[in-house]
Amino acid sequence: MNRPPPDTAPVLIIGAGPAGLAAAHELVRQDVHPVVLEKGDKAGGIARTEVYRGYRFDIGGHRFFTKNDAVMKLWQTVLDQGFITVHRISRIYYDGRFLDYPLNFFNALTRMGATESLFILLSYLRSQIRPYPEEETFEQWVSNRFGRRLYGKFFAPYTAKLWGMPCDRIPADWARQRIKGLSLMAALSHALFGNQKAKSLIHEFHYPEKGPGMMWEAFCEKIAEKGGHVRFDTKVMGLNHTNRRITGVKCMEGDRTFEMPVEHLISSMPLDKLIAMLDHHRVVPAGVSKAANSMSHRGLILVVLILDKDALFPDQWIYIHGPGFKVGRIQNFKNWSPAMVPDPHRTSLGMEYFCNEGDRLSSMSDEALSAVAASELARLGLAEKNQVIDTFVVRQPDAYPVYTSGYEKRLKVIGDFLDGFENLQTIGRNGMHRYNNMDHSMQTGILAARNVLGADHDLWAVNEEAEYLEEDASVSPRRTLTEKMILQSFAGMDKSALGIALGTVSGLLFFVATLWLVIKGGEVVGPNLQLLSQYFFGYTVSVKGAFIAFFYGFLWGFLFGWFFAYLRNLLVALHLFRVRKKAERLSLRDFVDHI
Ligand SMILES: Cc1cc2nc3c(=O)[nH]c(=O)nc-3n(C[C@H](O)[C@H](O)[C@H](O)COP(=O)(O)OP(=O)(O)OC[C@H]3O[C@@H](n4cnc5c(N)ncnc54)[C@H](O)[C@@H]3O)c2cc1C
């Protein structure tokens, strides 16, 4: 159904990436008909699928995985067919060897050798005993958790390659945001009930069988069916605004320029470029412009090599650690889904190179890049150079929002300024300059759409709180009840209270027992209870003795209760410490995936 795009719309959305499409989809669900303006010729943004001679490939592999049930349900509903589950196989190339990743202890030990493993272990123990007292940089954060040796050999070269700067210039905040430890609550329920979801998030993922683009095409169809529009090849060139209200969006479609009036604008374009567009009358305060100008991005070059070989290696991707290689990761697309290649006897690989605009790599021609990629592949021993029969290069600017020291402050300056616009919201990865995956990018889009309809969501809270967008925004009562029960059973016992309670009970028992025997009387009164005098100094089975028995009963009961509570608290604290450590280990298991 090809309707001409309208000249006006209640909501304009910049960008048909996951965030923009999720916003449009949410709006049409509520009977509001937005127009999405996309400068490219296809949907999906960085998560699109490109096609070259029938070979399909992602801009880097895109796993569909999320902790958020609402997003998972949305993916499954929109793409109700062809959303396959893939069992993950990935390795790390490290020091001339391939190690399973996520790391498998025995595999790592045998591949690294006993001596290196021992050094790594010793360095880890040292970091546990004498960690860096302050964690200001990525280097310190990682060393404190993995040890300095593993950091230096394993993480530093890859991170520096990806981010194009040494790890002591990357703030620790960045690692903190990417690797959120489990909350104590999550760790406890994990320890008590196990967590299949967390396990499966690491070992398997979903994937549209013809690449992620299939998902975004399905989104576009749903949006069009319900009266929304996605205008491709339409670049937003400028914004008009008065009195902190966006009034118009200047667009370019082919050679034609035109302006669309705006009621609400949702933007997923890079934040720095948006600020530049707002500044055409020099209305943006200098501090905001300065903050925006210091935002930087890292680009990605994907060199696709098509090889005349049916099977090269079983992994979906391999991380290439080690400074001797420029390539950071190698994708093997037919291992994501066989439908990614048109000929099962051939293989297509995506060699990922990270770059800055204007640097040596980004200035190289496609031919030169292809030659580097083919030669690196051969040096890694993964294929012969002469097996490469065709190549294709895709350049993706703004692939990674870079976090440098002070970025949180700069982001706040920009966020506060943009908050002043009553009809503008920014969403997604570059739209918020956050290292968001598809799920978090989409959540910001959905919440922005709901804000247009009258809600008041804080988009910056997405990704801070992993499960912000639950199906029903309120937490389920069943979960709250379980959490309450768990917290109660692990809460510390009050030592004095237990002591007083047990002391009172045991004191009263001895008091009543003695009085009862006195009242009962007889020739010999309470010969057995009389034996208590060995422990209760001055005790006799008499009225006076009943008070002495109460005193000693209370004392022993109190001591027993106090020590019981003390020991129990100590054991619970030790258990919680173990649970916390285990949770930390679990959240660090796939650390490299988050770098
Ligand atoms: C190598 C790599 C691997 C990744 N792997 C995963 C993964 O495994 N799983 C996962 O969940 N996420 C992954 N991601 C992250 C994922 O790609 C992003 O989270 C997602 O694409 C962000 O969506 P978005 O809509 O916010 O932004 P984008 O995808 O950047 O979309 C923004 C859109 O806006 C358009 N646009 C920009 N400026 C204008 C303008 N002036 N006018 C009109 N249109 C404009 C762009 O063309 C683009 O289509 C990966 C990212 C990279 C770089």
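A residue counts as buried if 20 or more other C-beta atoms lie within 10 Å of its own. Keep that in mind, and remember that this is a predicted model. Of the 595 residues in the protein chain, 38% are buried by that rule.

**Stop 1: the whole chain**

Show everything as a cartoon and zoom out. You're looking at 20 helices and 19 strands. Along its principal axes, the C-alpha trace spans about 120 × 65 × 50 Å. The chain's radius of gyration is 32 Å, while a compact globule of 595 residues would have one near 25 Å.

Now colour the domains. Domain 1 comes in pieces, so select 11–48, 212–294 and 405–475 together; domain 2 is 495–581. The centres of the two, taken over C-alpha atoms, are 70 Å apart.

**Stop 2: the five-stranded sheet**

Next up is an open sheet of 5 strands, with parallel pairing and the order 9-2-1-13-19. Its edges are strand 9 (select 229–231) and strand 19 (select 424–426), each of which pairs on one side only. Step across the sheet and you'll find a twist that averages 20° from one strand to the next.

Which residue stands opposite Leu265 in strand 19? Select 264–267 to pick up strand 13, which runs parallel to strand 19 and is joined to it by 3 bridges. Click on Leu265, look across, and there is Leu424.

**Stop 3: around the ligand**

Show the ligand and the residues around it. There are 35 of them, and Gly15, Gly17, Gly45, Gly60 and Gly428 come nearest. The elements giving two or more residues to this shell are helix 1 (18–29), strand 10 (234–242), strand 18 (388–402) and helix 16 (438–452). Colour the shell by class and you should get 14 nonpolar, 15 polar and 6 charged residues.

**Stop 4: two hairpins in a row**

Stay with strand 10 and add 245–253, which is strand 11. These two pair in the antiparallel sense over 8 bridges. Put Val236 and Cys251 on display, since they are bridge partners here. The hairpin has 2 residues between its strands, and Asn243 in the turn has a positive phi of about 45°.

Carry on from strand 11 to strand 12 (256–261): this pair is antiparallel too, with 6 bridges. Here Met252 stands opposite Thr257. The second hairpin also has 2 residues between the strands, and Gly254 takes a positive phi near 60°.

**Stop 5: strand 6 and its neighbours**

Is strand 6 largely enclosed or left open? Select 90–94 and look around: 4 of its 5 residues are buried, so the strand is largely enclosed by the rest of the structure.

Add 97–101 to see strand 7, which runs antiparallel to strand 6 and is joined to it by 5 bridges. Arg91 stands opposite Asp100 in that pair. The two strands form a hairpin with 2 residues between them, and Asp95 in the turn has a positive phi of about 55°.

Then add 317–320 for strand 15. Strand 6 is joined to strand 15 by 4 bridges, and they run parallel. Find Ser90 and you can trace across to Trp317, its bridge partner in strand 15.

**Last stop: Ala160**

Finish with helix 6, residues 148–163, where you'll find Ala160. Ala160 is partly exposed because 18 other C-beta atoms lie within 10 Å, and a buried residue would need 20 or more. Try drawing a distance from Ala160 to Ile170: their C-alpha atoms are 9.3 Å apart, with the two residues 10 apart along the chain.

How values were computed. Residues numbered from 1 in each chain as written. Predicted model: local features only at pLDDT ≥ 70, side-chain atom pairs only at ≥ 80, totals over all residues. Pairing = 2+ DSSP bridges. Axes fitted to C-alpha atoms, helices over the stretch in contact; angles between N-to-C directions. Domains from an automatic or database assignment. Near = placed C-beta within 6 Å. Nonpolar A, V, L, I, M, F, W, Y, C, P; charged D, E, K, R; others polar. Rg over C-alpha atoms; globule rule 2.2 N^0.38 Å. Buried ≥ 20, exposed ≤ 12 C-beta atoms within 10 Å, placed from the backbone.
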